[in-house]
Amino acid sequence: MALSPTQNSPETCSAALADVPRQGGFPLSGGTANRGHVVRVGDTVVRPTAPFKAATHALLAHLEAVGFDGAPRVLAAGPVAERLTYIAGRAMVPPFPDDVLTDEALVSVADLLRRYHAAAASFDPAGYTWPRPVPARYRTGLVSHNDVYPANVVFRDGRAVALIDFDLAGPGSAVWDFAAAARLFVPLLDEADVADGRRGRALERFRLFLAASGLPRDARLSVVAALLDNHDWTYAIVTEAAAAGHAGFADHWRAIAPAAGRARRWCERNQRALRRIAAS
Ligand SMILES: Nc1ncnc2c1ncn2[C@@H]1O[C@H](COP(=O)(O)OP(=O)(O)OP(=O)(O)O)[C@@H](O)[C@H]1O
Ligand SMILES: [Mg+2]
């Protein structure tokens, strides 16, 4: 949940979560909501139980049943902690290795999302209570991940191999996930905030990413329309949690707010160019 994950501190952010068992594991970096409370124990990950456990775990069980290998499996779950399979590789947490900044890596994120959406398409979300709804115009019946950002994607050998952290998954759409991913993996940021080889290549990489999405023209145009809505929806979660006193989100927002504002303005300024690319 971030513009770019800057918080790698293993400090705990909430005393209420302090009873998540460490079980001899070590904290993993990349989390904000559960900062310091996600630990690796052997080939498993122990983390605070998904807030909408019944729904989230039903989705993960479905993904396993249809043979989708790009998500963790639930091994055990109690009221406080859940144990998931550890996905070998590295989530895209700073410092970014060069091999996750390539165009091939970007295309692999689109491929992973396509495979996830195909696997989730046969899951029926009815009868479950889901987290914060995405705006109605971006709900098609598909359960989307809704938090596709670098620290929630595991890469191996320069390719995106798995989505993790399904805590925000719920009824949404492929368009919604591709909009989030475009913002943060292309990335669609002000040039001043891109310090690596992706600088100055946003429009070119956006074209590549949309082409790899496999979405039809109308849906590609909807991705452009969703960029600002997705930005606002995502950062409302961050700012609301920060205002409610969540230290992880407060630190995170302090670190990224200026760049997030510049990113939003960049997307506004470039709407026409982005739409032209989506329409072509
Ligand atoms: N199943 C897994 N396999 C491999 N690594 C994992 C797994 N689950 C979590 N991680 C690592 O732990 C980090 C934090 O986990 P997670 O995303 O669950 O935390 P979070 O605080 O809920 O995140 P967010 O701030 O996105 O809500 C990830 O960025 C990743 O580096
Ligand atoms: Mg996460």
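**Figure 1. How much of the chain is buried in this predicted model.** Of the 280 residues in the chain, 45% count as buried. The structure is a predicted model, so please read every value here as computed from that prediction. Seven helices and 10 strands make up the named elements of the chain. The radius of gyration is 18 Å, close to the 19 Å that the globule rule gives for 280 residues, so the chain is as compact as a globular protein of that length. Along its principal axes, the C-alpha trace spans about 50 × 40 × 35 Å. Look also at how the chain folds back on itself: among contacts with a separation of 6 or more, 75% come from residues 24 or more positions apart.

**Figure 2. Two domains and where they touch.** The chain is divided into domain 1, residues 15–85, and domain 2, residues 90–279. How far apart do the C-alpha centres of domain 1 and domain 2 lie? The answer is 22 Å. In the contact region, 21 residues of domain 1 meet 25 residues of domain 2. On the side of domain 1 that touches domain 2, 14 residues are nonpolar, six are polar and one is charged.

**Figure 3. The shell around ligand 1.** There are 25 residues around ligand 1, and Leu28, Gly30, Gly31, Thr32 and Ala91 come nearest. By type, this shell divides into 14 nonpolar, six polar and five charged residues. Why does ligand 1 lie between domain 1 and domain 2? Both domains give residues to its shell, so the ligand is placed between them.

**Figure 4. Helix H2 and the elements that cover it.** Helix H2 runs through residues 103–120. With 1.5 Å for each residue, its 18 residues should span 26 Å, and the end C-alpha atoms are indeed 26 Å apart, which agrees. Which residues of H2 are buried? They are Ala105, Leu106, Ser108, Val109, Ala110, Leu112, Leu113, Tyr116, His117, Ala119 and Ala120. The cover over these buried residues includes four strands and helices that you can pick out by number: helix H1 (53–65), strand E7 (142–144), helix H3 (174–185) and helix H4 (202–213) are among them. Strand E8 (153–156) and strand E9 (159–163) also belong to this cover.

**Figure 5. Leu101, in the loop before H2.** Leu101 sits in the loop between strand E6 (90–91) and H2. Is Leu101 buried, exposed or partly exposed? With 16 other C-beta atoms within 10 Å, Leu101 is partly exposed, because that count falls between the 12 or fewer of an exposed residue and the 20 or more of a buried one. Leaving aside residues up to four places away in sequence, Leu101 touches Phe96, Asp196, Gly197 and Arg198. Leu101 and Phe185 are 84 residues apart in sequence, yet their C-alpha atoms are 8.5 Å apart in space.

**Figure 6. Two cis peptide bonds.** A cis peptide bond joins Pro94 and Pro95, with omega at about -5 degrees. Pro95 belongs to the loop between E6 and H2. Another cis peptide bond joins Val186 and Pro187, where omega is about -15 degrees. To find Pro187, look in the loop between H3 and H4.

**Figure 7. Asp157 and Asp165, two residues with a positive phi.** Asp157 is not a glycine, but its phi is positive, at about 50 degrees. This residue lies in the loop between E8 and E9. Asp157 is exposed, with 9 other C-beta atoms within 10 Å. Asp165, also not a glycine, has a positive phi of about 60 degrees. Its place is the loop between E9 and strand E10 (170–172). Is Asp165 buried or exposed? Asp165 counts as buried, because it has 26 C-beta neighbours inside 10 Å.

**Figure 8. Ala263 in helix H6.** Ala263 is found in helix H6, which covers residues 247–269. The residue is buried, with 23 other C-beta atoms within 10 Å. Ala263 and Asp193 are 70 residues apart in sequence, while their C-alpha atoms are 8.5 Å apart in space.

Conventions
Residues are numbered from 1 along each chain as its sequence is written. Chains are lettered from A and ligands numbered from 1 in the order in which they are written. This is a predicted model: local features need pLDDT of at least 70, side-chain atom pairs count only at pLDDT 80 or more; totals for chains, interfaces and linings use all residues. A residue is near a molecule or strand if its C-beta atom, placed from the backbone, lies within 6 Å of it. Ala, Val, Leu, Ile, Met, Phe, Trp, Tyr, Cys and Pro count as nonpolar, Asp, Glu, Lys and Arg as charged, and the others, Gly among them, as polar. Domain bounds come from an automatic or database domain assignment. Two residues are in contact if their C-beta atoms, placed from the backbone, lie within 7 Å. Helices (H or I, at least four residues) and strands (E, at least two) are DSSP runs, numbered from the N terminus. The radius of gyration is taken over C-alpha atoms; the globule rule is 2.2 Å times the number of residues to the power 0.38. The expected span of a helix is 1.5 Å times one less than its number of residues.
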